[in-house]
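Work through the exercises below with the model open. Try each task before reading its solution.

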Amino acid sequence: IPSSGEPSWNEGVYTAPTFEADGYTTYTCTVCGETDVDVNEGSMLVGVAQIGQQTYPTLAAAMAAVQNGETIILLENNDENIAYTQLKNVAFTIDGNGKTFSGEITITGTKKTTNDGTGLTFRNVNFVADKNSMAFVYTVKSSFAKFITVENCTFNANGYSTVYGLYLRHAYDIVIKDTVVDGLYDIAYGQSAVTRLTAENVTATNVTYGFWMPYGTEMNFKNL
């Protein structure tokens, strides 16, 4: 320490917040090497989604990292709007863990009509609308999104109008089962060709059209 008795601090080294701790800056005295920490410089990150032991700040980040056979678990209610492109040999599950999802997921397929190992399952998700004219799951035209399953989920329009559960364009192998729906405009709407859709054990109230599939083939409905 200088003869004045006052330390001479450097500019400090910043450590960003993590999922386990707040951010902080460590200052070091340029004379004696003493350190001082200024804490609470950036709040601890909140994990929104988790794969195994790894936590992610957004559902989109988890979907970008997920590998074949893995499950993404929602840790918080979520309202992200996400664009996801299916990958060959990557089939995974989003487990809502009883949380609410109020965003929209746009799925682009692999542009292959045959089974190439891709797939996405929504399980235990509470889909709740937060605006008019939305679709919780939307498939991009002519991209052949496929093997999309919704099971043990709920859909609630929450008083909003023209809310779609699934808005499907050139989609294949869609399954909706063990699901409860309230207030939707359509549970599933096939704006373009939809091939092989199965709906089983779906309970619906206050729904305008239900399953509207003007271009659908190989439709299978049971216990609706």
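**Exercise 1: Surface and strand**

Y24 has a relative accessibility of 30%. Classify Y24 as buried, partly exposed or exposed, then place Y24 in its strand and its patch.

Solution. The model is predicted. Step one: buried needs a value under 20%, and exposed needs one over 50%. Y24, at 30%, lies in between and so counts as partly exposed. Step two: Y24 belongs to strand β2, residues 24–28. Step three: Y24 joins V37 and V39 in a nonpolar surface patch. Together these residues offer about 240 Å² of accessible area.

**Exercise 2: A threonine in β19**

Is T195 buried or exposed, and which residues does T195 touch?

Solution. Start with the location: T195 sits in strand β19, which spans residues 194–205. Next, apply the cut-off: under 20% means buried. T195 has a relative accessible area of 12%, so T195 is buried. Last, list the contacts, leaving out residues up to four places away in sequence: A171, Y172, D173, T217 and E218.

**Exercise 3: Reading the sheet**

Give the strand order of the open six-stranded sheet and find its edges.

Solution. The order is β7-β10-β13-β16-β18-β20, and the pairing is parallel. β7 (81–85) and β20 (210–212) each have a single partner strand, so one side of each lacks a neighbour in the sheet. These two are the edges. On average, neighbouring strands are turned by 15° against each other, direction ignored. Now zoom in on one edge. β7 pairs with β10 (residues 104–108) in the parallel sense, over five bridges. One of the bridge partners is E104 in β10, which pairs with N81.

Methods
Residues numbered from 1 in each chain as written. Predicted model: local features only at pLDDT ≥ 70, side-chain atom pairs only at ≥ 80, totals over all residues. Heavy atoms only, no water. Pairing = 2+ DSSP bridges. Helix = DSSP H or I, 4+ residues; strand = E, 2+ residues; numbered from the N terminus. Axes fitted to C-alpha atoms, helices over the stretch in contact; angles between N-to-C directions. Patch = residues over 30% accessible without salt bridge, like charges linked within 9 Å, V, L, I, M, F, W, Y side chains within 5 Å. Areas by Shrake-Rupley, 256 points an atom, 1.4 Å probe, with all protein chains shown as cover. Salt bridge = Lys/Arg side-chain N within 4 Å of Asp/Glu carboxyl O. Buried < 20%, exposed > 50% of the residue type's maximum accessible area, 1.4 Å probe, protein only. Contact = heavy atoms within 4.5 Å.
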